[in-house]
Amino acid sequence: MPRPQILPTFEDALADLRDGMSVMIGGFGAGSPINLLTALWHRDVRDLTLITNGVGFPSPNPDLKAIADLIQDGRVRKIVASFTAATRPSRPGAAEELIRTGQVEAELVPQGTLAERIRAGGAGIPAFYTPTGAGTLLAEGREVREFNGRPHLLEHALTADVAILHAWKADEAGNLVFRRASRNYNPIMAMAADMTIVEVEQPILPAGALDPDHVHTPGLYVHRLVHIPVGGVLRIHRSTGTPLLQTETPEVTPQPVRPEPRP
């Protein structure tokens, strides 16, 4: 099995992306591939179909780009997501307005169903039935069957041309480790795309340096790796939503250590 390419820049990793591709974007806050998203925006590819957890807002940092920037700038034809609207109706985003006016097609998918559709795509399962959404507007015009006395909707698997992901560690064989909540959609998207491109926080290790029991995604599914250089964005600060750079250290509030209760 060939090893993944280890490329020097995010631009190199996305150099052959073209108009009309479908792109899965990992992350749910934590684990978002901010650097690859920025490089994708600079590629100026258009007519994209994005498969992701949500739309969000444009990046407040002019040097970084988010999913909403791609939509707002007319790069996206369709989005498949669980969250296309802002949590506060009084603060709609520009991307949300484009979806509401029909300039961007949106397919709204319940979050668990979205994850399972992606997982099914990676596992080679073409479709499945789920009770989620039965009896709601999502069921209109859809195939419904009854199992154990409950109606279930037929859902089709999701795959993509490309997945762009964010990992904590990787080795030269492409094995990946995700840090805590950053795992979210990243492992299943790696399985469901024809090409998986990953930005990696830590320096890429020699093959065999990772404990096999700690690997979350085997290198079989990974095609390209890019190490995030000093100054690149590593993650999103959970309390403020502002980018946390590699040269910064997050503040950590010490927690009291409580002794284990005696049996």
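User: What share of the contacts in the protein chain with a separation of 6 or more comes from residues 24 or more positions apart?
Analyst: This is a predicted model: local features need pLDDT of at least 70, side-chain atom pairs count only at pLDDT 80 or more, and totals for chains, interfaces and linings use all residues. Residues are numbered from 1 along each chain as its sequence is written, and side-chain values use heavy atoms, with hydrogens and water left out. Contact means heavy atoms within 4.5 Å. Residues 24 or more positions apart account for 76%.

User: How many helices and strands does the protein chain have?
Analyst: Both are DSSP runs numbered from the N terminus: helices are H or I with at least four residues, strands are E with at least two. The count for the protein chain is six helices and 15 strands.

User: What is the strand order in the open sheet of eight strands?
Analyst: Two strands pair if DSSP finds at least two bridges between them. The pairing in this sheet is parallel. β1 (5-6) and β5 each have a single partner strand, so one side of each is left without a neighbour in the sheet. The order is β1-β13-β12-β9-β2-β3-β4-β5.

User: Which residue in β4 stands opposite Ile 51?
Analyst: Strand β3 (residues 48-51) pairs with β4 in the parallel sense, over four bridges. β4 covers residues 76-81, and five of its six residues are buried (under 20% relative accessible area with a 1.4 Å probe, protein chains only; exposed is over 50%, partly exposed in between). The residue opposite Ile 51 is Val 80.

User: At about what angle does helix α2 run to β12?
Analyst: Helix α2 (residues 34-43) lies across β2 (22-25), β3, β9 (160-167) and β12 (193-200). Eight of its ten residues are buried, including Leu 36, Leu 40 and Trp 41. Axes are lines fitted to C-alpha atoms, for helices over the stretch in contact, and angles run from 0 to 180 degrees between N-to-C directions. The angle to β12 is about 115°.

User: Which residue follows α2 with a positive phi?
Analyst: The phi in question is near 60°. The residue that follows α2 is Asp 44.

User: Which residue in β8 is the bridge partner of Ala 127?
Analyst: An open sheet of three strands has the order β6-β8-β7, with antiparallel pairing. β6 (127-130) and β7 (144-147) are its edge strands. Four bridges join β6 to β8. The partner of Ala 127 is His 156.

User: What angle does the direction of helix α5 make with that of β6?
Analyst: Helix α5 (residues 111-123) packs on the sheet of three strands, touching β6 and β8. The angle with β6 is about 155°.

User: Which element gives the most to the lining of the second largest pocket?
Analyst: A pocket is an open set of points on a 1 Å grid over the protein atoms alone, where a 1.4 Å probe fits, with protein on both sides within 12 Å along at least five of seven lines; lining residues have an atom within 4 Å of a point. Among the lining residues are Arg 117, Arg 142 and His 156. β5 (105-108) and β8 (150-156) are the elements that give two or more residues. With three residues, the top contributor is β8.
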